[in-house]
Amino acid sequence: MSKENYIPEFAKKGVLINPANPQPLIRQNAEKNREWEFQPVADKWYPIAEEIKTTLFDGVFTLEKTSPLPSPPIAIEDMRNYRTLASYRIVPDGYGLNDKLTINAQHFVKKENDWGWDWGGDWGLAETITHELAHEKHKHWGDTPPDHGKYFRNLLLDLGIYCTPNGSHYEVARIK
Ligand SMILES: [Zn+2]
C-alpha cells in the first residue's frame, strides 16, 4: 500500500458527524447582510454567544469528550408570543438545521441607529443566550430528558443564574 492511501485504523471507524456544517456561512451572511434589519444585532451578538459557549459551557476536553459544543445558527424572528424570550431547538428545523438558537424579535426596540433588548438590556440578553446554550449542553452531554429539570437548573445555578422549573429566571443573574 502506498503511503498516500494509508488510512489509520482508528480513522476508518470514524463517523462523520457533521458533513456540511452551514453555521459559519449563516453567521457570515447574518453579520454582513445590510438588507436585514437585524444585521447589527447579529454582528454584535454572534461573537458574544460564541464567547459564552466557549467560556461557560465547552469545558475541558477529555478522552470521552473531545470536541466543543456546536456553534448554533442564530435566528432573530417574531416568535408570536411576547412571553417567550428565546428558544433552542432540540430537533432540526425546516432547513434541517440542528442546534438552532432563536431570539424573539419582539423584544428588540430600536434606539436611534441601534437595537436594545427590552428585558434587562444587554445583561438580560446575555443571560437569555446563556440559558439557551445551557439547553445545548444539556442535550449533548446531559443524561436526563431536555427540560428545565434539576440537571439543567444546576448548570445555570453554577453560573449564578436562578431558573425555575418552568424556565423563567426569578432573580437577576449574579456573577459568581
Ligand atoms: Zn429554557
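This passage walks through the fold, the core, the zinc site and the one cavity of a predicted model.

Start with the overall layout. The protein has five helices and five strands, and reading along the sequence gives the pattern α-α-α-β-β-β-β-β-α-α. The chain runs to 176 residues, and 36% of them count as buried. As for how far apart contacting residues sit in the sequence, take the contacts with a separation of 6 or more: 49% of these are between residues 24 or more positions apart.

Next comes the inside of the protein. The largest nonpolar core is made up of 29 residues. Phe38, Val41, Ile76, Ile103, Phe108, Leu125 and Ile129 are the ones with the most contacts inside this core. Several elements chip in with at least two residues each: helices H3 (39-57), H4 (121-141) and H5 (150-157), along with strands E1 (74-77), E3 (101-104) and E5 (114-117). H3 gives the most, with seven residues. Ile76 makes a handy example of how things fit together here. Setting aside neighbours within four places in sequence, Ile76 touches Trp36, Phe38, Val41, Ala42, Ile103, Ala105 and Phe108. Among these partners, Phe38, Val41, Ile103 and Phe108 also appear in the list of core residues with the most contacts.

Then there is the metal. A zinc ion is held by three histidines, His131, His135 and His148, each through its NE2 atom, at 2.0 to 2.1 Å. Along the chain, the donors follow the spacing H-x3-H-x12-H. His131 and His135 both belong to helix H4, where they are four residues apart, or about one turn of the helix. Buried or exposed, where does His131 fall? With a relative accessibility of 5%, it lies under the 20% cut-off and therefore counts as buried. His135 has a relative accessible area of 10%, so this residue is buried by that cut-off too.

Last, the empty space. Searching the whole structure turns up one cavity of 30 Å³ or more, and the volume of the largest cavity is about 50 Å³. Its lining consists of Gln23, Tyr46, Ala49, Glu50, Lys53, Pro72, Ile74 and Leu133. By character, that lining splits into five nonpolar residues, one polar and two charged. H3 supplies the largest share of the lining, four residues. Helix H3 thus turns up in both places, as the element that gives the most to the largest nonpolar core and as the source of the largest share of the cavity lining.

Technical notes
Residues are numbered from 1 along each chain as its sequence is written. This is a predicted model: local features need pLDDT of at least 70, side-chain atom pairs count only at pLDDT 80 or more; totals for chains, interfaces and linings use all residues. Side-chain values use heavy atoms; hydrogens and water are left out. A nonpolar core is a set of buried Ala, Val, Leu, Ile, Met, Phe, Trp, Tyr and Cys residues joined through side-chain atoms within 4.5 Å. Buried means under 20% relative accessible area, exposed over 50%, partly exposed in between (1.4 Å probe, protein chains only). Contact means heavy atoms within 4.5 Å. Donors are N, O and S atoms within 2.8 Å of the metal (3.2 Å for Na, K and Ca); water is not among the atoms, so sites may look incomplete. On a 1 Å grid over the protein atoms alone, a cavity is a set of points where a 1.4 Å probe fits but cannot get out, and a pocket is an open set with protein on both sides within 12 Å along at least five of seven lines; lining residues have an atom within 4 Å of a point. Grid points are joined across faces, edges and corners, and a volume is the space filled by probe spheres set on the points. Ala, Val, Leu, Ile, Met, Phe, Trp, Tyr, Cys and Pro count as nonpolar, Asp, Glu, Lys and Arg as charged, and the others, Gly among them, as polar.
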